[in-house]
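I am opening a notebook page on a protein and the RNA beside it. I want to look up the contacts and then the aromatic rings.

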Amino acid sequence: MLDPQLLRNDIKQVSRALSKRDMKLDVDVIQKLEEKRKIFQIETEELQALRNSKSKLIGQLMSKDEDAQATIDEVTKIKISLDEIVSELNVVQSNLNDIYFRIPNIPHESVPRGKTEEDNEEVKIWSTPKSYDFVPKDHVDLGEALGLIDFDAATKISSTRFVVMHRGIAKLHRAIIQFMLDTHINEHDYDEINVPYLVNVDSCIGTGQLPKFEEDLFQIKEHSLYLIPTAEVPVTNIVRDEIINNDQLPKKFVCHSPCFRSEAGSYGKDTRGMIRQHQFEKVEMVQLVKPETSYAVLEELVSHAEDILQKLELPYRVVTLCGGELGFSAAKTYDIEVWLPSQNKYREISSCSNFEDFQARRMKARWRNPETNKPELLHTLNGSGLAVGRTLIAIMENYQNKDGSITIPNILRPYMGHKSVISS
RNA sequence: GGAGAGGUGGCAGAGUGGUCGAAUGCACUGGUCUUGAAAACCAGCGGUCCUUUAUCGGUCCCGUGGGUUCGAAUCCCACCCUCUCCGCCA
């Protein structure tokens, strides 16, 4: 959520800033509601104050055995008009909240203008794709030929957009997770954390998945719980409704979890293979930091994700998302894209975002600033480090051999029983 | 799933209809004292929102949401959560 003060005092500026997202704010509606809100709220609080003082008076009169009936009648009247005005205030307030919770974050000034992927700004390219003396296959052909990936079985036992992996590939998948966790814990100083995969409504509102994007989530209706679309949701919500001490910051968490996404609205997109699944696994980095450090931390987060790709020796590039591509809660996002030989292009494998205080305000996640001794909003950030399924794909495709076997990247060999090749 | 107990400030823990946003203790912050520290003593010490340049002032918050009442932490209803015992179980 944006700062309501800002929305009140300078909605024109907010509206201008949001135009970068190609999004239009209904300034008039908000301003009219705010005007009403102010009138109703002031009147409500005045009436409440009056009621409170008169009621106290009644108590005093009665304890002195004096007649209080006139005052009681007075308060009864106050109560009637109070009830009316409160219900009007509630309507206005909930209208405003409905609007406010659906307004996306303001893009950082460094975010490029634009609508589509084409408008993202390339900031870095690392390494160059290998050339092959044969036509490289995609991970589906490779996996099925090896007999180690089975989409048909997954469809039978579940539905489309799921996968079954066997032996060498299943093990490689697991090795990737261990390697990523170990690297972030031992070299990047994150705390390992394990969290619930089902979360409540408040958590989803806190990080911004609700109320606007309910159709993207899998829901367990009987229990009012949602399957997490990313570990960001449970991990970030750890600090919801908390006031963190200065000396506890920054909080750095790394979390491996499955992620569940309905992929509503992406029918027909990436239907082949493991690129876009209803269930996939991810190692997620989450940081909760003091505001003044958050942009430096964003760069750090990207470098941590990059480190994984560099250790795996996978070619990649980094792009800054343009305003139109930016996620709802993010102020700035870098995507890291890995090279996929079969598609002859870079595909997203990590997304690192600074949410500034947008999520923190929704979550009431604060820290105590020793300078003011007051609670102030935290900044929240997260980044994939990395998407496991897509890393698996990237390894299979980039490390494939002419005979269809897969060479295991050096760094993963200790996790693979020191084997060097996966074959059928 | 069955039976019981309970949810109050950072923690512990009083408070069962009126001046209670809430005693007291601990923790914390500042001060006195001390060569320094500890102890002792003194003082301060929740959050929210509105109004305001700011102060001042006011609202709301005792698990959550309703209700009763002139007035609710306190009474009523529903829900959520925690703990103990029993059952079941990875």
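My entries on the RNA come first, and those on the rings follow.

**Ground rules.** I note that this is a predicted model, in which local features need pLDDT of at least 70 and side-chain atom pairs count only at pLDDT 80 or more, while totals for chains, interfaces and linings use all residues. Residues are numbered from 1 along each chain as its sequence is written, chains are lettered from A and ligands numbered from 1 in the order in which they are written, and side-chain values use heavy atoms, with hydrogens and water left out.

**RNA surface.** I looked up the residues near RNA strand B (near: a heavy atom within 4 Å of it). There are 24 around the strand, and Arg-8, Gln-48, Ser-55, Val-75 and Arg-366 come nearest. On the RNA side, sugar and phosphate make up 72% of the strand B atoms that come within 4 Å of the protein.

I sorted the surface by class (nonpolar: Ala, Val, Leu, Ile, Met, Phe, Trp, Tyr, Cys and Pro; charged: Asp, Glu, Lys and Arg; polar: the others, Gly among them). I got seven nonpolar, nine polar and eight charged residues.

Which helix gives the most to this surface? Helix 3 does, with 15 residues. Helices and strands here are DSSP runs (H or I, at least four residues; E, at least two), numbered from the N terminus.

**Polar atoms at the RNA.** The side chain of Arg-51 has an N or O atom 2.8 Å from a phosphate oxygen of RNA strand B. For Arg-366, I found a polar side-chain atom 2.7 Å from a phosphate oxygen of the strand. Gln-41 has a side-chain N or O atom 2.9 Å from a sugar or linking oxygen of RNA strand B.

**Rings.** I counted ring pairs of Phe, Tyr and Trp (its six-membered ring), with centres within 6.5 Å; planes under 30 degrees apart are stacked, over 60 edge-to-face and the rest tilted. The count is six aromatic pairs. Trp-126 and Tyr-316 are stacked, because their ring centres are 5.5 Å apart and their planes at 15 degrees. Trp-126 is in strand 1 and Tyr-316 in strand 11, so the pair ties together parts 190 residues apart in sequence.

Is Tyr-316 buried or exposed? Tyr-316 is buried, at a relative accessible area of 0%, and Trp-126 is partly exposed at 24%. The cut-offs are under 20% for buried, over 50% for exposed and in between for partly exposed (1.4 Å probe, protein chains only).

Last, I noted that ring pairs link Phe-213, Phe-328 and Phe-358 into a cluster.

Key. Polar contact = N/O pair within 3.5 Å; in protein donor to acceptor, adjacent residues only side chain to side chain.
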